[in-house]
Amino acid sequence: MTENLRSKYPKMNDILDKLTLCIERGKVDTNATFPSDMIGDPGADELTRQAITQNIPAEEILNKALFKAMKRVGIRFRDNEIFVPEVLMAAKAMSTAMKHLIPFFDQGLISKKGTFIIGTAAGDMHDIGKSLVAMIVEGGGWNTIDLGINVSTQKFLAAIEENPGCSVGISALLTTTMVNMENTVKEIKENYPGINVLVGGAPVTQSFCDDIGADFYSPEPHGALDFLNEQT
Ligand code: B12
């Protein structure tokens, strides 16, 4: 640990704790200038490589650092302690660390909890909230497929067909596209009754969720992750 980190976090002596902190704070690598109080410290990139070199099992790196950090990020975002830019930086650090773990997934040494497909309702170009949900859910250990914005019902159905047993998230930011969300939910429920459909976005409410027959509503991403984890 550098002097800088040691003085700030005197009890932090485990590499996984350091990695957790780097992801939570969005410290990508040594050269990163964000966050400013960690300039020059090793980041998620170096610490993940170091953990692998020290033969720490990939699953342990994932559970005790990456997922732990993103869980904290989700909770802090929910509680308004951090905001969109901090979540984006944490997600960047997380994906930097994940790149080193991909070979372990490929070898079947670690696995994801399930598949979560998410997209913004047809006609809706708003991206930010949907992407935050995707990042927090992915950071919670779910294989997350982001279909993007303006996603037609057909595209959702095709993705479900390709990923049996998945869960689906739909985001809408416009009152006009809430109607499209409703149609998509109906089609999904008619064709795949067992699939859980989560809905969200600024104009969406619990009563709207109930009315359209969706399974879960949350005003923030961590709620979605909790719901998905409860289903496993
Ligand atoms: C940024 C923005 C844009 C950007 C979008 C850029 C992008 N890459 O996303 C641009 C400029 C493109 C845009 C365009 C338009 N916009 Co706009 N936009 C906004 C704005 C300012 C912020 C939206 C946002 O990103 N919020 C931040 C994110 C983090 O919040 P969020 O999306 O709600 O997501 C959170 C939760 O809702 C939840 N969540 C979201 N999705 C999901 C999904 C699931 C499954 C779950 C569980 C949770 C969840 O988690 C997220 C994180 O906490 C809002 C105003 C506002 N303050 O909300 C207007 C707003 C949504 N826009 C509006 C309008 C009218 C438009 C336009 C029609 C404007 C125009 N005349 O062209 C177009 C529509 C284009 C289209 N067809 O979609 C209106 C909608 C009014 C309405 N009631 O329908 C708003 C409310 C502004 C206003 N007050 O008039 N917009």
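## Around strand β4

Start with strand β4, residues 197-200, which is covered on both faces: Val197 and Val199 are buried on one side, and Leu198 and Gly200 are buried on the other. That fits a simple rule of thumb: side chains in a regular strand alternate between the two faces of the sheet. Keep in mind that this is a predicted model.

So which strands does β4 pair with? Here are its two partners, β3 and β5.

| Strand pair | Partner residues | Sense | Bridges | Residues facing each other |
|---|---|---|---|---|
| β3 and β4 | β3: 167-171 | parallel | four | Ser171 and Gly200 |
| β4 and β5 | β5: 216-217 | parallel | two | Leu198 and Phe216 |

How does the chain get from β4 to β5? It crosses through helix α9 (residues 206-212), and this β-α-β crossover is right-handed. On the other side of the story, β3, helix α8 (residues 175-191) and β4 also form a β-α-β unit, and that one is right-handed.

Now for the helices. A packed pair of helices is described by the angle between the axes and the distance between them. For helix α7 (residues 153-162) against α8, the angle is about 35° and the axes sit 9 Å apart. The crossing of α7 past α8 is right-handed.

Which residues make the contact? From α7 come Thr153, Phe156, Leu157 and Ile160, and they meet Asn183, Thr184, Glu187, Ile188 and Asn191 of α8. Sorted by class, this contact holds four nonpolar residues, four polar ones and one charged.

Key: Residues numbered from 1 in each chain as written. Predicted model: local features only at pLDDT ≥ 70, side-chain atom pairs only at ≥ 80, totals over all residues. Buried ≥ 20, exposed ≤ 12 C-beta atoms within 10 Å, placed from the backbone. Pairing = 2+ DSSP bridges. Right-handed = clockwise from strand over helix to strand, strands pointing away. Axes fitted to C-alpha atoms, helices over the stretch in contact; angles between N-to-C directions. Left-handed = near helix turned anticlockwise from the far one by under 90°. Contact = placed C-beta atoms within 7 Å. Nonpolar A, V, L, I, M, F, W, Y, C, P; charged D, E, K, R; others polar.
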